[in-house]
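The following note sets out some points on the model for a colleague's consideration. It moves from a single helix to the sheet, the cores and selected residues.

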Amino acid sequence: DPAAEALAEQVGRLVASRGATLVCGGLGGVMDAAARGAHQAGVATIGILPGESRTAANPWIQHAVATGVGHARNLAVVASGDVVIAVGGAWGTASEIALARTLGRPVIVLGAGPEMSGEGIVRAPTAEDAVALAFAAATSSID
């Protein structure tokens, strides 16, 4: 979805503008776009890959982690951050949201995505809002 990819790239740039490292699934689509935005803005990018080869990462990933565990890598993706920003997506994104909430990580949903709601899940209308909400949540949840 080109609209979701544009939002993801903007999120990557905005995360980078605050000096944070971007962790994502490391493959194509919104993962590629978010990593591109962050990398071009000069911060580290980490991709947690489902397969066994680090070379499967998109070109914007600086540090690739090959897990060999398929979709189970979603747990490693969400456990590696303080807050999750979900951009678009379907079942894989829904699983990441559920896993993030199970771990107590706040979730910001940006754009169209899984229709999930509940404690710790907030929807944001813009990339700027999503990143601002994520950093506010991270700051309040870090001891």
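Helices here are DSSP runs of H or I with at least four residues, numbered from the N terminus. The model discussed is a predicted one.

1. Helix α4 and its end. With helices numbered in this way, α4 is followed by G104, a residue whose phi is positive, near 85 degrees. The helix itself comprises the 12 residues 91-102. At 1.5 Å a residue these should span 16 Å, and the end C-alpha atoms are indeed 16 Å apart, so expectation and model agree.

2. The two sides of α4. Which residues of α4 are buried? They are T93, A94, E96, I97 and A100. Because these residues cover an arc of only 160 degrees around the axis, they lie on the same side of α4. W91 and T102, on the other side of α4, are exposed.

3. Surroundings of α4. The buried residues of α4 pack against one helix, α3 (73-79), and against the strands β4 (84-87), β5 (107-110) and β6 (121-124). With respect to these strands, α4 lies across β4, β5 and β6 and runs at about 155 degrees to β5.

4. The sheet. Strands β4, β5 and β6 form, in that order, an open sheet of 3 strands with parallel pairing. β4 and β6 are the edge strands, each pairing on one side only. From one strand to the next, the twist averages 25 degrees. The parallel strands β4 and β5 are joined by 4 bridges; A86, for instance, has V109 in β5 as its bridge partner.

5. Helix α1 on the sheet. Helix α1, residues 2-17, lies across β4 and β5. Its direction is at about 155 degrees to β4.

6. The largest nonpolar core. This core contains 26 residues, of which V11, L22, V83, I108 and L110 touch the most other members. At least two of its residues come from each of α1, β1 (22-24), α2 (30-40), β5 and α5 (127-141). Which element gives the most to this core? It is α5, with 6 residues. Apart from this core lies another, of 8 residues, among them V78, V84, A100 and V109.

7. L110 as a member of the largest core. L110 is one of the residues that touch the most other members. Leaving aside neighbours within four places in sequence, the contacts of L110 include L7 and V11. Further contacts of L110, on the same basis, are A86, V87 and G88. The remaining contacts of L110 are A124, P125, T126, A127 and A130.

8. Helix α2. The buried residues of α2 are D32, A33, A34, A35, R36, G37 and A38. What do these residues pack against? The buried residues of α2 pack against α1, β1 and β2 (45-49). After α2 comes G42, whose phi is positive, near 95 degrees.

9. E9: buried or exposed? E9 is found in helix α1. Its relative accessibility is 18%, and because buried means under 20%, E9 counts as buried. Setting aside neighbours within four places in sequence, E9 is in contact with A33, A34, R36, G37 and Q40.

10. D32. This residue lies in helix α2. D32 has a relative accessible area of 17% and is therefore buried. Not counting residues up to four places away in sequence, D32 touches L27, N58, P59 and W60.

11. Exposed positions in α1. S17 lies in helix α1, and its relative accessibility of 57% is the reason why S17 counts as exposed. The C-alpha atoms of S17 and A38 are separated by 8.3 Å, although the two residues are 21 residues apart along the chain. P2 also lies in helix α1, and at 69% relative accessibility P2 counts as exposed. Between P2 and H39, which are 37 residues apart along the chain, the C-alpha separation is 19 Å.

Terms used:
Residues numbered from 1 in each chain as written. Predicted model: local features only at pLDDT ≥ 70, side-chain atom pairs only at ≥ 80, totals over all residues. Heavy atoms only, no water. Expected span 1.5 Å × (residues − 1). Buried < 20%, exposed > 50% of the residue type's maximum accessible area, 1.4 Å probe, protein only. Arc of directions from axis to C-beta. Contact = heavy atoms within 4.5 Å. Pairing = 2+ DSSP bridges. Axes fitted to C-alpha atoms, helices over the stretch in contact; angles between N-to-C directions. Core = buried A, V, L, I, M, F, W, Y, C linked by side-chain atoms within 4.5 Å.
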